[in-house]
Amino acid sequence: MLRSVDQDDSPPTVGIVGAGQLARMTYQAAIPLGLRTRVLATAADESAALVARDLTLGAPTCYQALEELASMCDVLTFDHELVEVTQLEALEAAGHRVRPSAATVGLAQNKLRQREELGALGLPVPAFQALGGPADLLGFANQQGWPVVVKAIRGGYDGRGVWVVNTPTEGVALLDRLGAHQELLVETWVPIERELAILVVRRPAGQTVVYPLVETVQVAGICREVLAPAPVAPKLAEQAKELALRVAAASSVVGVLAVELFETGGRLVINELAARPHNSGHYSIEGCISSQFENHLRAVLDWPLGETDLRAPAVATVNLLGGPNPVDLGRQLPRALAVPGAHVHLYGKGYRPGRKLGHVTALGADRGQAQSLARRAAELLVEPARS
Ligand SMILES: Nc1ncnc2c1ncn2[C@@H]1O[C@H](COP(=O)(O)OP(=O)(O)OP(=O)(O)O)[C@@H](O)[C@H]1O
Ligand SMILES: [Mg+2]
């Protein structure tokens, strides 16, 4: 039987399902808290597996692997949502602590359910419909107007699983290409003025903290830059905070919940949720009193949450994305480290075009200063040296 987190002298062990960069940074945040962390990795060369002392090898969809991890940990949490909810339910039924819960993960991994459930609460989501076939797509688009956006209901990330469709011919060709094996939805194309994100962290005892609203700059469906605070009217920032708190309560999340938002016509529309640390919160490592990773750990252990205030008037994070040609980040690193105030994070991942390989954060007196520092270091890392 599991020991209680609160009833033992030895530090609790947090199990992380998945071993990407989020697990790696969560692992890093566990160290000063004296926690033990065990990571479930599919392969020993994954980002967090490269640094974790305690490693379980296995697939995140293998119940035996999850059970083995859970039996060695006080609480299980996640690096991603590519898991089977029924397996999480079985772990819960067996008495293991799963945070966020199977129910919350089920919501976070399903874009259709997010729209249905948030829409039912009166929260702003794009008009949407589940897609059975081309007739649904054409009917929806003729009613709502072109273009429309087709999305994979599960499993999409970094814009994979998102297709803007401009004409009936394009729509039919897309559905033909995707085949029947993928569950899809269609939604209105939103004329986005700005993409925003807000993180909220909730612990089981009820305490909730909210991070500042940030702007996320996306290129081709991938987040390139995160700027804190978002340059929006205070009223909009307040609305985002209220919205995030309502979503956190409705989803009963434990840990970090990221709410991705679109600003359009001066109002907010919810794009999607993630119930785990999120790319839009990496700036908080240096930029906030307590990072999203530290607060995620504190929340899943039901410990008091830390303050989320910014440490500087402006903070910028630039993601390091694999470009068309391979670069040796390790070789370029010293040049980037020569930029004063640039905090470089490398994830230890192999190069692939478009892959998130690391990020750089800089604090500044204003947005322009933080952004140009972070960009300068990032460019030195991903652009080959001219020799
Ligand atoms: N309805 C929409 N209207 C206009 N643009 C959209 C719409 N939905 C998504 N996009 C664009 O596509 C990007 C990716 O969409 P979304 O966040 O749904 O995909 P994802 O692959 O799950 O992303 P993530 O990497 O954040 O998990 C958005 O950030 C936005 O730029
Ligand atoms: Mg997204």
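These are my notebook entries on a few spots I looked up in this structure, which is a predicted model.

**Entry 1: empty space inside**

I started with enclosed space. Rolling a probe the size of a water molecule over the atoms shows where empty space is left. How many cavities of 30 Å³ or more does a search of the whole structure find? I got one. The volume of the largest cavity comes to about 30 Å³. I then listed what lines the largest cavity: Phe78, His80, Glu81, Val105, Ala108, Ala275 and Arg276. Sorted by class, that lining has four nonpolar residues, one polar and two charged.

**Entry 2: the second largest pocket**

Next I turned to open space. The second largest pocket holds about 320 Å³. I counted 17 residues lining this pocket, and those closest to its centre are Arg224, Leu321, Ala378, Glu379 and Val382. Which elements give two or more residues to the lining? They are the strands β12 (222–228) and β15 (314–321), plus helix α12 (367–382). The lining of the second largest pocket is a mix by class: eight residues are nonpolar, four are polar and five are charged.

**Entry 3: α11 against α12**

Since α12 had come up at the pocket, I looked at how α12 sits with helix α11. Two packed helices are described by the angle between their axes and the distance between the axes. For α11 (residues 329–337) and α12, the axes come within 7 Å, and they cross at roughly 145 degrees. I noted the crossing as right-handed. On the α11 side, the contact is made by Leu329, Gln332, Leu333, Arg335 and Ala336. On the α12 side, I wrote down Ala377, Leu380, Leu381 and Val382. By class, the contact splits into seven nonpolar residues, one polar and one charged. I had met Val382 before, among the residues closest to the centre of the second largest pocket.

**Entry 4: Leu112**

I picked one leucine to follow. Leu112 belongs to helix α5, which covers residues 111–120. Is Leu112 buried or exposed? I put Leu112 down as buried because its relative accessible area is 13%, and the cut-off for buried is under 20%. Which residues does Leu112 touch, leaving aside its neighbours within four places in sequence? The contacts are Phe128, Ala130, Ile153 and Leu185. I also checked Leu184: 72 residues separate Leu184 from Leu112 in sequence, and their C-alpha atoms are 8.4 Å apart.

**Entry 5: cis peptide bonds**

I went on to the backbone. The bond from Trp146 to Pro147 is cis, and I have omega near -10 degrees there. Pro147 sits in the loop between α6 (134–144) and β6 (148–152). A cis bond also joins Ala228 and Pro229, with omega about -5 degrees. I placed Pro229 in the loop between β12 and α8 (234–251).

**Entry 6: positive phi**

Last, I looked at two aspartates. Asp158 is not a glycine, yet its phi is positive, at about 50 degrees. I found Asp158 in the loop between β6 and β7 (162–165). Asp302 has a positive phi too, near 55 degrees. Where is Asp302? Its loop runs between α10 (292–300) and β15. I noted Asp302 as partly exposed because its relative accessibility is 25%, and partly exposed lies between the cut-offs of 20% and 50%.

Conventions. Residues numbered from 1 in each chain as written. Chains lettered and ligands numbered in written order. Predicted model: local features only at pLDDT ≥ 70, side-chain atom pairs only at ≥ 80, totals over all residues. Heavy atoms only, no water. 1 Å grid on protein atoms, 1.4 Å probe; cavity = no way out; pocket = protein on both sides within 12 Å on 5 of 7 lines; lining within 4 Å. Points joined across faces, edges and corners; volume = space filled by probe spheres on them. Helix = DSSP H or I, 4+ residues; strand = E, 2+ residues; numbered from the N terminus. Nonpolar A, V, L, I, M, F, W, Y, C, P; charged D, E, K, R; others polar. Buried < 20%, exposed > 50% of the residue type's maximum accessible area, 1.4 Å probe, protein only. Contact = heavy atoms within 4.5 Å. Axes fitted to C-alpha atoms, helices over the stretch in contact; angles between N-to-C directions. Left-handed = near helix turned anticlockwise from the far one by under 90°.
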